[in-house]
Each structure stands twice: as structure tokens, then as C-alpha cells.
Amino acid sequence: MMKTTRRTALLGGLALGLAGCASKFRTYDGPEVTRLQMFKGDRNLFLFDNTSVLKAYRIDLGFAPEGPKQFEGDGKTPEGAYTVDRRNPDSLFHLSIGISYPNEADIAFAAAQGREPGGDIFIHGGPRPGIDAIKPDWTAGCIAVSDREIEDIYAMVRDGTPIDIFA
């Protein structure tokens, strides 16, 4: 009896350990995500297949969310038409997908003001406990969702997918 209980406990512990190692890389075989739309004021991100909403997410933004991003360090999230242009499997924020900010107009505007437009705008996972503040609109200008949500988005959205960001 003792041998069976011990074996059961060891196998159970092994199973739990392996479950904890589940990959953050998910697969997706549903309809193609053809566009993302984000509404900063409502804090919503929508993934579309043509005209059908596939998924909707609540988001957090930069620490100064009102108005479009214009300059490096302004804490704002861009507004306009961009594309998903890269992915970072080693993100400090679990996973992340990049947005093509700055575009030519963003660069020209900042240059006309004698400033840099900034960059490295991503949709990424949640804050790191003990390192990042857990409060609304805590990023430096990125779009944040939960770690589980970025796993889904990372699997569903392909590079080159358009994203429209509205005020």
C-alpha cells in the first residue's frame, strides 16, 4: 500500500511539473485575422476576419493615453493606420507583436519639431509582478493585455496584418 501511494504521489508531482511547463506558444487554426482595430478611449482591441469580430480584448495603454504619440518618451500610444511588423518571443512582457510606428508622417512631424518620434510600440502581455506598476495605463506607449491573451493574439495575428488605432 505504501509503495502505491508513494508512486501515485511521485507521478502526480511529475504531471503537475510538466503541466507548469506548458508552452506559451499556442496554435490557431480558425478564420484568418484580416485586421485589428483598437479604440483607445474605450480601451478595446478587436480582431476581425473581414467584417466579423473574432475576438475582443480590454487593453491598457501608455501612462499618458490622451492624444496621439508624437515624440519619444511621451507615454502616448500611436493613432493611425499601421501594420503588425514583427514579433518578439523573448519579450520582457511574456510575448509581444510589433506595430509599424513610426510611419513616414510620424517621422516627418517629429523631425519638423526637432524631436525623435520614438518607436518600439508593441502589443504585449501584462506587467511583471514587483517590477511594473499594476494600474491602468501603465505602459510606456504600448498596448497591454494579459499574458494568456497575448498568447492567443500571438498565435492568431500574422505579420503584415493591418491595425487601425483610433482615439
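Which residues have the most contacts inside the largest nonpolar core? They are Leu36, Leu45, Leu47, Ile123, Ile153 and Val157, in a core of 25 residues. A nonpolar core here is a set of buried Ala, Val, Leu, Ile, Met, Phe, Trp, Tyr and Cys residues joined through side-chain atoms within 4.5 Å. Buried stands for under 20% relative accessible area, exposed for over 50% and partly exposed for what lies in between, with a 1.4 Å probe and protein chains only. Strand 1 (35-39), strand 2, strand 4, strand 5, strand 6, helix 3 and strand 8 (162-166) each supply at least two residues of this core, and helix 3 gives the most, with 4 residues.

Before going further, a word on the model. It is predicted, with local features needing pLDDT of at least 70 and side-chain atom pairs counting only at pLDDT 80 or more, while totals for chains, interfaces and linings use all residues. Residues are numbered from 1 along each chain as its sequence is written, and side-chain values use heavy atoms, with hydrogens and water left out.

Now let's look at helix 3 itself. Helices (H or I, at least four residues) and strands (E, at least two) are DSSP runs, numbered from the N terminus. Helix 3 covers residues 147-156, and 7 of its 10 residues are buried, so the rest of the structure largely encloses it. The buried ones are Ile150, Glu151, Asp152, Ile153, Tyr154, Ala155 and Met156. Their cover includes strand 2 (44-49), strand 3 (52-58), strand 4 (80-88), strand 5 (96-99) and strand 6 (121-124).

The strands come together in an open sheet of 8, in the order 3-2-1-8-4-5-6-7 and with mixed pairing; two strands pair if DSSP finds at least two bridges between them. Strand 3 and strand 7 (143-144) stand at the edges with a single partner strand each, so one side of each has no neighbour in the sheet.

At the strand 3 edge, strand 2 and strand 3 pair in the antiparallel sense over 6 bridges. They form a hairpin with 2 residues between them, and Asn50 in the turn has a positive phi of about 55 degrees. Across this pairing, Asn44 stands opposite Arg58 and Leu45 opposite Tyr57. Leaving aside neighbours within four places in sequence, Leu45 is in contact (heavy atoms within 4.5 Å) with residues including Leu36, Tyr57, Ile123, Ile153 and Ile163. Two of these partners, Ile123 and Ile153, are also among the core residues named at the start.
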